[in-house]
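I opened this notebook to keep track of what I looked up in one model, going from the overall make-up to single residues. Each entry records what I asked and what I found.

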Amino acid sequence: MWSRLTAALALLVINPVVAQETAKTAAPDSPVRAPDTLGTILSLGLGLVAVVAVIYGCAWIIRRMNGMTGMNNNAIKVVSVMAIGARERIALIEVGGQQILLGITPSAIRTLHVFDEPVVEAGSAGSGDFARRLQGMIGKSWTSPTRND
């Protein structure tokens, strides 16, 4: 084994010396050529286009694979989420016509209460005073407009 390593090391050391001597004897009078600038730029450009195409292709494949998980995202709806602390939340979700109040911490998710009848409509936005003022400032209504006739 040591003899093989020694032979490989000797070849690595001797190879550049032999290559230089061969180059000197093969073409002693050949002129030095300038690098082909257009060819270099063209090859770099094509390489860059190929790398960008590979990146976009990988992104497309990842997006397609996320959709192939077989999960139906319409079955569970998050109705509302409220922060209780820095990392604790309370979430109201709707599953199969029932609304479930969940307590969410970094280490666990617990069911706090299961409502038989919906407490809040899943499609309705917040109807608080701040939400109404914000909608008035933006000039758009995210919920159905109410008429005051």
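The entries below cover the whole chain, then the sheet, then two residues.

**Entry 1: the whole chain.** I note at the outset that this is a predicted model. I counted the elements and found 3 helices and 4 strands in the protein, and reading from the N terminus on I get the order α-α-β-β-β-β-α. I then asked what share of the 149 residues is buried. The share comes to 7%, where buried stands for under 20% relative accessible area. For the accessible surface I have about 13,300 Å², with 63% of that area belonging to carbon and sulfur atoms. I also looked at contacts with a sequence separation of 6 or more, and residues 24 or more positions apart account for 7% of them.

**Entry 2: the sheet as a whole.** I asked in which order the strands of the sheet are arranged. I find an open sheet of 4 strands, with antiparallel pairing and the order β1-β2-β3-β4. Strands β1 (76-83) and β4 stand at the edges with a single partner strand each, so one side of each has no neighbour in the sheet. From one strand to the next, the twist averages 25 degrees. As background I keep in mind that strands of a sheet pair through backbone hydrogen bonds, either parallel or antiparallel.

**Entry 3: the pairs, one by one.** I went through the sheet pair by pair, starting with β1 and β2, which pair in the antiparallel sense over 7 bridges and form a hairpin with 5 residues between them. Within this pair I looked up K77, and its bridge partner in β2 is E94.

Next I took strand β2 (residues 89-95) and strand β3 (residues 98-104), for which I find antiparallel pairing over 7 bridges. Their hairpin leaves 2 residues between the strands, and G96 in the turn has a positive phi of about 60 degrees. For the register I noted two bridge partners in β3: R89 is matched with I104, while E94 is matched with Q99.

The last pair I checked is β3 with strand β4 (residues 109-115), which is antiparallel over 6 bridges, and here the hairpin has 4 residues between the strands.

**Entry 4: Q99.** I returned to Q99, which lies in strand β3, and asked whether this residue is buried or exposed. Q99 counts as buried because its relative accessibility is 0%, the cut-off for buried being under 20%. On the β2 side, Q99 is the bridge partner of E94, and in β4 Q99 stands opposite F115. Leaving out residues up to four places away in sequence, I list V79, L92, I93, E94, H113, V114, F115, P118, V119 and V120 as the residues that Q99 touches.

**Entry 5: V52 and its patch.** I then turned to helix α2 (residues 37-67), in which V52 lies. Which residues join V52 in a nonpolar patch on the surface? They are L48 and Y56, and together with V52 they have about 330 Å² of accessible area. V52 counts as partly exposed because its relative accessibility is 37%, which falls between the cut-offs of 20% for buried and 50% for exposed.

Note on methods: Residues are numbered from 1 along each chain as its sequence is written. This is a predicted model: local features need pLDDT of at least 70, side-chain atom pairs count only at pLDDT 80 or more; totals for chains, interfaces and linings use all residues. Side-chain values use heavy atoms; hydrogens and water are left out. Two strands pair if DSSP finds at least two bridges between them. Axes are lines fitted to C-alpha atoms, for helices over the stretch in contact, and angles run from 0 to 180 degrees between N-to-C directions. Buried means under 20% relative accessible area, exposed over 50%, partly exposed in between (1.4 Å probe, protein chains only). Contact means heavy atoms within 4.5 Å. Accessible areas come from the Shrake-Rupley method with a 1.4 Å probe; for residues, only the protein chains shown count as cover. Patches are made of residues with over 30% relative accessible area and no salt bridge: like charges are joined within 9 Å, nonpolar side chains (Val, Leu, Ile, Met, Phe, Trp, Tyr) within 5 Å. A salt bridge is a side-chain nitrogen of Lys or Arg within 4 Å of a carboxyl oxygen of Asp or Glu.
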